[in-house]
Amino acid sequence: MALIENLRALSLANGSSGDEGAVRGAILAELAKIPDCKAFVDGIGNILAEKRGANRPQNRVMFCARMDEAGFIVTNIDENGFIQFECIGKVDSRVVIGRRVLIGDCAVPALVGSKALHLLEKDERTSPADTDKLYFDIGADSKEEAERRVHIGDRAVFEGSFLEFGDGFAMGKALEGRAGCAALLELLSAPAEYDFYACFAVRKEIEGAGCGPAAFTLAPDIAVVVDGASAGDIPAVSGDKRSCSLGKGVVTAFKDGRTVYDTALCRRLSELCEANEIPIQVKRNLSEYSLGEDIHAAAGGIRTVCAEYPVRYARSSGAVLKISDLEHEVKLLEILSMELAAI
């Protein structure tokens, strides 16, 4: 199945914010196989694709996913060959300690180290470790040895693996963004009723998303945000704090961070889901930064709506999603590509 094959390949590709080259290469290779589709890379690194349909649309519609993932950047190498780093994106230090990462273009393997439990001060035992007290261990005996393999400014990401498991679930790094890219590739691969555009954006994790410049370039009348929504359907989380859940379909919202989505489009999206038997849920955690923030204020203002999918454990070495939710996402995007073009 192309959807899962692309999901696997994109999850395993490495690309933190501002360093999305490997992911971009994988997507461009797939786009080159798709008929009636042409793509180019803009100055900031976004992929902008145009899909030609059977008819010209009344509205220019742009679907936007993002290529990047949370990661790390090397900031210092000490005299003993241990490597200090800073996070790229909102990485929770609790999911970092003891994890394997890959550093730089040569994918140098490393382990995230920290002070041993029995050496911690009393107050350190009751609070999460600060990332400035963590380090990468690459197995070097000295600064000189480490500098032969790693350099200041090198990027690092969690070492990835991808697994289908349980009752229709998938696990892998960066699924919060790459699943949206896989969904857009699926959309672009199918024959289209109307022309539309797709953006595979850079730099979402550092809230400097490339989708703003992309929206300026393409100047769509309507934009659809295709991204992962943080699910809270786990033990010790209840009520409205659950935000959204795996297995309950696509996710929409009326607001995200500083984005207020177009109300009429939100309601139309919900109607289309109901008419086409696509399960839908409304997100309750509205504080997160969204790609829509950079899109809706671009190019004189763009009507924007979000069509997302739920993901657990974002920005970790193993995010989890349900494959049926992603299949529903693709179905919704296909419907939107027709409905929004003629709305």
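**Group meeting: a walk through the model**

Let's start with one residue: if we skip the neighbours within four places in sequence, Asn6 touches Glu30, Ala182 and Leu185. Before I go on, please keep in mind that this is a predicted model. So where does Asn6 sit? You'll find Asn6 in helix α1, which covers residues 2-12. And is Asn6 buried or exposed? Asn6 has a relative accessibility of 12%, and since the cut-off for buried is under 20%, Asn6 counts as buried.

Okay, staying with α1, let's look at how this helix packs. Helix α1 meets α8 at an angle of about 110°, and the two axes are 11 Å apart. That makes α1 and α8 roughly perpendicular to each other, because anything from 65 to 115 degrees goes under that name. The crossing of α1 past α8 is right-handed. Who makes the contact? On the α1 side we have Leu3, Ile4 and Leu7, and on the α8 side Ile323, Leu326, Glu327 and Val330. Sorted by type, the residues of this α1 and α8 contact come out as 6 nonpolar, 1 charged and no polar.

Now, α8 has another partner to show you. Helix α8 spans residues 323-339, and its axis comes within 11 Å of the axis of helix α6, residues 263-275, with a crossing of roughly 120°. So α6 and α8 are described as oblique to each other. The α6 and α8 crossing is right-handed. From α6, the residues involved are Arg268, Leu269, Leu272 and Cys273, and from α8 they are Leu332, Ile335, Leu336 and Glu339. Here the contact of α6 with α8 splits into 6 nonpolar and 2 charged residues, with no polar ones.

On to the strands. There's an open sheet of 6 strands, and if you read across, the order is β1-β2-β12-β3-β13-β19, with mixed pairing. Which strands are at the edges? Those are β1, residues 37-41, and β19, residues 303-306, each pairing on one side only. On average, neighbouring strands in this sheet are turned by 20° against each other, direction ignored.

Let me zoom in on the β19 edge. Strand β13, residues 222-225, runs parallel to β19, and 4 bridges join the two. One pair you can pick out there is Val224, whose bridge partner in β19 is Val305. Towards the other edge, helix α2, residues 21-31, lies across β1, β2 and β12, and α2 runs at about 15° to β2.

Next up, a hairpin. Strands β4, residues 71-77, and β5, residues 83-88, run antiparallel and are joined by 6 bridges. Opposite Asn76 you'll see Gln84 of β5. How many residues lie between β4 and β5 in this hairpin? There are 5, and in that turn Gly81 has a positive phi of about 90°.

Last stop: Val260. This residue lies in strand β17, which is residues 259-260. Val260 has a relative accessible area of 57%, and so Val260 is exposed, given that exposed means over 50%. Again leaving aside neighbours within four places in sequence, Val260 is in contact with Phe254, Lys255 and His296. Also, the C-alpha atoms of Val260 and Glu293 are 8.2 Å apart, though the two are separated by 33 residues along the chain.

To wrap up with the two residues I singled out: Asn6 in the model is buried, and Val260 is exposed. Thanks, everyone.

Key
Residues are numbered from 1 along each chain as its sequence is written. This is a predicted model: local features need pLDDT of at least 70, side-chain atom pairs count only at pLDDT 80 or more; totals for chains, interfaces and linings use all residues. Side-chain values use heavy atoms; hydrogens and water are left out. Axes are lines fitted to C-alpha atoms, for helices over the stretch in contact, and angles run from 0 to 180 degrees between N-to-C directions. Angles under 35 degrees count as roughly parallel, over 145 as roughly antiparallel, 65 to 115 as roughly perpendicular and the rest as oblique. A crossing is left-handed if the near helix is turned anticlockwise from the far one by less than a right angle, and right-handed if clockwise. Contact means heavy atoms within 4.5 Å. Ala, Val, Leu, Ile, Met, Phe, Trp, Tyr, Cys and Pro count as nonpolar, Asp, Glu, Lys and Arg as charged, and the others, Gly among them, as polar. Buried means under 20% relative accessible area, exposed over 50%, partly exposed in between (1.4 Å probe, protein chains only). Two strands pair if DSSP finds at least two bridges between them.
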